[in-house]
Amino acid sequence: MSPDARPAPLMYVQGLRFLRNDVPVFGPLDFEVGRGEALLVQGANGAGKTTLLRVLAGLLRADAGTVAFDGRPAEALLRAETTAYLGHLPGAKADLSVVENLEYLCGLQGRRPNQSIEAALEVVGLAGYEDALARQLSAGQKKRLSLARLWLSPAPLWLMDEPYANLDLQGIELVNRMVKAHLADGGATLVTTHGAYAAPPVRTQLLELRRPH
Ligand SMILES: Nc1ncnc2c1ncn2[C@@H]1O[C@H](COP(=O)(O)OP(=O)(O)OP(=O)(O)O)[C@@H](O)[C@H]1O
């Protein structure tokens, strides 16, 4: 490797496009996100932000384009290992307790080294709610449970769709602290916003989405 050869970015996206019923939702898009970087994905309601994150998480299939992680094509296993998706919906199992939900998810996704469920609940402000059923949580507490799942995930790339929705001021600060810590730890994030909520103070790149015509 030559001395000034750059390592491949954590995520590299080229020509990514998504059509729904033959109508373009976004793209073609080109961008990359390196470790330690946050990309703010901004756009009006319906601009395609959620769709983009779902494509990057592997929940929807793009019509065209390339996605690579650390220079390798984003096949399913690599994508699952690399990305952690925080969606609009809580995604918790309603009749399991807070701890049972996180134990179940850690079984599926693995766990960040040296991180415990108890410590994650402390970080997100849910200490004391260990045995509460997910369905008994408020909308903001459910979001905090999703944030605990993200905090426990070993995946380096967080895909955060409107992470500030339903959160109070302390919750907004919590998201910002988590993002900062994750970036400092060599991770990266994509954060969507339509501009009405807060944005992370750590923004390093901006991607504006507009509906293609
Ligand atoms: N399941 C679906 N079936 C059909 N159309 C959909 C579906 N989900 C989204 N769309 C359409 O795709 C477009 C992009 O939606 P998307 O949810 O990605 O936008 P967004 O930028 O996240 O919007 P918001 O800020 O309102 O959350 C919109 O026009 C929307 O109506």
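## Parallel sheet, helix 1 and the ligand shell

Strand 3 (residues 38-42) and strand 8 (residues 188-193) run parallel and are joined by 5 bridges. This is a predicted model, where local features need pLDDT of at least 70, side-chain atom pairs count only at pLDDT 80 or more, and totals for chains, interfaces and linings use all residues. Residues are numbered from 1 along each chain as its sequence is written. Helices (H or I, at least four residues) and strands (E, at least two) are DSSP runs, numbered from the N terminus.

**The open sheet**

- The sheet is open, with 5 strands in the order 6-7-8-3-9 and parallel pairing; two strands pair if DSSP finds at least two bridges between them.
- Its edges are strand 6 (83-86) and strand 9 (205-208), each of which pairs on one side only.
- From one strand to the next, the twist averages 15°.
- Within the strand 3 and strand 8 pair, L39 has L190 of strand 8 as its bridge partner.
- As background, strands of a sheet pair through backbone hydrogen bonds, either parallel or antiparallel.

**Helices on the sheet**

- Helix 1 packs on the sheet and touches strand 3, strand 6, strand 7 (157-160) and strand 8. Its direction makes about 155° with that of strand 8.
- Those angles run from 0 to 180 degrees between N-to-C directions, with axes taken as lines fitted to C-alpha atoms, for helices over the stretch in contact.
- Helix 6 (residues 169-184) lies across strand 3, strand 7 and strand 8, and runs at about 150° to strand 8.
- In helix 1 (residues 49-56), the buried residues are K49, L52, L53, V55 and L56. Seen down the helix axis, these buried residues fall within an arc of 160°, so they line one face of helix 1; the arc is that of the directions from the helix axis to the C-beta atoms.
- Buried here means 20 or more other C-beta atoms within 10 Å of the residue's own, exposed means 12 or fewer, and partly exposed is in between, with C-beta atoms placed from the backbone.
- G58, just after helix 1, takes a positive phi of about 85°.

**Two buried strand residues**

- T192 lies in strand 8 and counts as buried because it has 26 C-beta neighbours inside 10 Å.
- Its C-alpha atom is separated by 5.8 Å from that of Q42, although the two are 150 residues apart along the chain.
- Leaving aside neighbours within four places in sequence, T192 is in contact with V41, K49, T50, L53, D161 and E162; a contact is a pair of residues whose C-beta atoms, placed from the backbone, lie within 7 Å.
- M160 sits in strand 7, and it counts as buried because of its 26 C-beta neighbours inside 10 Å.
- Not counting residues up to four places away in sequence, M160 touches L86, T189, L190 and V191.
- The C-alpha atoms of M160 and V41 are separated by 9.8 Å, with their positions 119 residues apart along the chain counted as the distance apart.

**Around the ligand**

- The residues around the ligand are R20, V25, G43, N45, G46, A47, G48, K49, T50, T51 and H194; the cut-off is a C-beta atom, placed from the backbone, within 6 Å of the molecule.
- Helix 1 gives the most to this shell, with 3 residues.
- By class, the shell has 2 nonpolar, 7 polar and 2 charged residues. Ala, Val, Leu, Ile, Met, Phe, Trp, Tyr, Cys and Pro count as nonpolar, Asp, Glu, Lys and Arg as charged, and the others, Gly among them, as polar.

**The hairpin and some backbone oddities**

- Strand 1 (residues 11-20) and strand 2 (residues 23-33) pair in the antiparallel sense over 7 bridges, and V13 has F31 of strand 2 as its bridge partner.
- These two strands form a hairpin with 2 residues between them, and N21 in the turn has a positive phi of about 50°.
- D22, in the loop between strand 1 and strand 2, has a positive phi of about 70° although it is not a glycine. D22 is exposed, with 6 other C-beta atoms within 10 Å.
- P28 belongs to strand 2, and the peptide bond from G27 to P28 is cis, with omega near 0°.
- D70, in the loop between strand 4 (64-69) and strand 5 (72-73), also has a positive phi, of about 50°, without being a glycine. D70 is partly exposed, with 15 other C-beta atoms within 10 Å.
- For context, most residues other than glycine have a negative phi, and most peptide bonds are trans.

Conventions
Two residues are in contact if their C-beta atoms, placed from the backbone, lie within 7 Å.
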